[in-house]
Each structure stands twice: as C-alpha cells, then as structure tokens.
Amino acid sequence: MRKHTMGLLAMAAASTLALSACGGAEVGGEPEGGASEGGDGITIGIKYDQPGLGLQDGAEYTGFDVDVARYVANELGYSEDQITFKETPSANRESMLQNGDVDMIFATYSITDERKEVIDFAGPYFVAGQDLLVAADNTDITGPQDLEGKNLCSVTGSTSAEKIKTDYAEGVQLLERPGYAECVTALAAGQVDAVTTDDIILAGLSAANGDGNLKVVGAPFSEERYGVGLPKGSDRCEDINAAITKMIDDGTWEELVAANTEGADYTPNADLNPPTPDACA
C-alpha cells in the first residue's frame with residue numbers, strides 16, 4: 001500500500017497551486033476542456049489541495065478520494081491510463097457536472113437535498129464529521145465546547161468555524177487562512193489552539209505533517225456524507241453503488257482509510273462507517 005505523506009512545505013505549495021489553478025491536469029492523454037466520451041476514458045473531478053484525500057504532486061494524484069475513484073473506475077471497466085483527473089474546486093462542482101467538464105466527482109462532496117436538485121449522487125462511500133485538530137499533548141480541548149476563549153483556525157469562506165462560534169463557544173477567537181496547510185502551520189507554531197473541518201480532512205493534514213505532534217480530537221459534531229457527484233439523469237449510479245459495496249466487502253475500503261491517514265491516530269466514526277450506499281433515485 002502506498003504511503004501518502006508530505007511535509008508542511010509541500011502542503012503549502014499544493015495549497016497555493018490549488019488556489020491559483022482553474023483548469024485540469026492531463027492524465028492518460030485525454031484532451032482538456034471536456035469529459036471523456038464513450039468507453040475511451042473517463043474524467044474524474046478531485047481536489048488538488050487536501051493531503052490524504054485529493055492531492056496533486058506533479059503528475060501524481062494521491063489520497064482516499066483518489067484511491068476510491070480509481071477502484072470505482074476500474075469496476076466500471078476503465079484502466080488506470082483511461083482516467084483523467086481534473087481539479088474540481090468546491091464552488092465549481094455542480095457547474096462542472098452540468099457543463100460536462102467531468103463525468104463524476106470524488107471530492108469530499110457532501111450529499112445534500114439542495115445539491116440533489118441539480119445533480120445526482122451515488123454513495124455515500126464515507127461519512128465524515130466536523131472535528132478538531134489540536135496538539136498531540138493537548139488535554140484541555142475534547143470538543144467544540146472547550147474552545148471558549150481559545151484561538152481557532154479555519155479556511156477563509158468556510159462555515160466550520162462560524163458553526164462553532166454560533167453553536168458551541170461564542171467567545172472563540174477565529175483566525176482565517178487561505179488554506180488548511182497554513183492553519184496547520186499556525187497550529188504547529190502555537191499561534192492557534194485548534195483547526196476545524198471534517199475529521200478525515202484533519203486526519204490527512206495530521207498524517208502529512210508527519211511528526212506525530214498533532215491529533216484529531218475524535219469527537220465529531222456533524223455528519224457529512226461523502227457521495228459521488230454525477231450529472232443529473234446519469235445511468236451510472238447503480239454500478240457505482242455496486243462498486244462501493246464491493247470495495248467495502250472485500251476489505252479495500254478499510255485499507256484505503258488506514259493508508260491515507262497513517263500516522264494520524266485516526267479512526268472513522270464506527271457508528272456511521274463504513275456506510276451503506278443510498279438507493280439510486
């Protein structure tokens with residue numbers, strides 16, 4: 001099993017790349033600008049700036065989402081050289097599916113009723129929850145309620161930190177950074193007490209840090225069901241769900257979670273994982 005770890009400098013570089021890039025990278029010789037047609041190949045949207053989930057490092061693509069995408073694509077009949085990975089920023093996911101820029105999306109893409117009005121989902125293949133990343137020796141912060149008067153970092157534009165301020169700790173001091181790599185740097189330097197986003201994203205960041213000085217608190221306080229984004233009316237949902245079920249049953253799902261969070265002391269919420277895919281609409 002491949003180990004997917006990077007240092008903080010590489011994380012920051014990847015984050016900067018993701019913020020500046022708008023197009024897709026080429027894998028397997030597919031033309032840029034549109035999704036693959038017919039059986040010649042498939043274009044899959046992923047994140048480029050999330051260590052442990054979806055990360056571009058030169059011509060390499062690593063992470064849990066990427067590995068799940070490869071597994072599912074293989075089950076659909078596509079070989080590795082028929083897959084084109086394309087950067088899919090959060091704000092552009094629905095439009096990229098609607099415009100035919102990608103065939104499917106694996107990018108920490110939470111299934112919501114609002115999104116289901118304009119696109120379809122297969123899955124979920126993972127259920128995350130908002131959590132906290134803190135120093136490994138921190139015993140004071142066991143959940144969001146302990147952040148009163150503390151300094152909390154999240155990414156600019158994210159609603160995660162505001163949720164904590166509104167629902168759990170009105171007196172928390174919020175620090176925004178352009179990317180999670182910068183938040184982790186601030187945490188490692190003692191400038192903030194915690195970083196918040198989905199637990200598996202935090203686990204990937206902790207694993208990428210690589211020195212064992214950070215930990216995920218392990219007390220998730222939301223439910224984010226990661227699905228496979230599909231164009232409205234897609235006929236692939238049933239086959240994708242069958243692939244996800246097979247991946248879980250044959251042990252690959254558990255192996256991929258462990259490999260992509262190695263060193264983070266992270267265990268997914270056992271009450272919600274591994275999930276059972278929803279019935280296709």
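Let's start with Asp-167. At 47% relative accessibility, this residue counts as partly exposed. One note before I go on: the model is predicted.

Asp-167 has a partner. Its side chain meets that of Lys-163 in a salt bridge, 3.5 Å from N to O. Why these two? Both sit in helix H5, residues 160-167, and they are four residues apart, so about one helical turn separates them. Lys-163 is partly exposed as well, at 28% relative accessibility.

That is one of seven salt bridges in the structure. Now to a second site.

Here three residues, Asp-67, Arg-70 and Glu-80, are linked in a salt-bridge network. Take the Asp-67 side first. Asp-67 and Arg-70 join through their side chains, N to O at 3.5 Å. Again, think of the helix. Both belong to H2, residues 64-75, and they lie three residues apart, so the separation is about one helical turn.

Buried or exposed, this Asp-67? Asp-67 is buried, at 7% relative accessibility. Arg-70 is buried too, with a relative accessible area of 17%. The cut-off for buried is under 20%, so both values qualify.

Now the other arm. Arg-70 also bridges to Glu-80, with the closest N and O atoms 3.1 Å apart. This pair links distant parts of the chain, 10 residues apart: Arg-70 is in helix H2, while Glu-80 is in the loop between H2 and strand E5, 83-87. And Glu-80? At 43% relative accessibility, that residue counts as partly exposed.

So, to recap the network: Arg-70 has salt bridges to Asp-67 and to Glu-80. Asp-67 is buried, and Glu-80 is partly exposed.

Terms used:
Residues numbered from 1 in each chain as written. Predicted model: local features only at pLDDT ≥ 70, side-chain atom pairs only at ≥ 80, totals over all residues. Heavy atoms only, no water. Salt bridge = Lys/Arg side-chain N within 4 Å of Asp/Glu carboxyl O. Helix = DSSP H or I, 4+ residues; strand = E, 2+ residues; numbered from the N terminus. Buried < 20%, exposed > 50% of the residue type's maximum accessible area, 1.4 Å probe, protein only.
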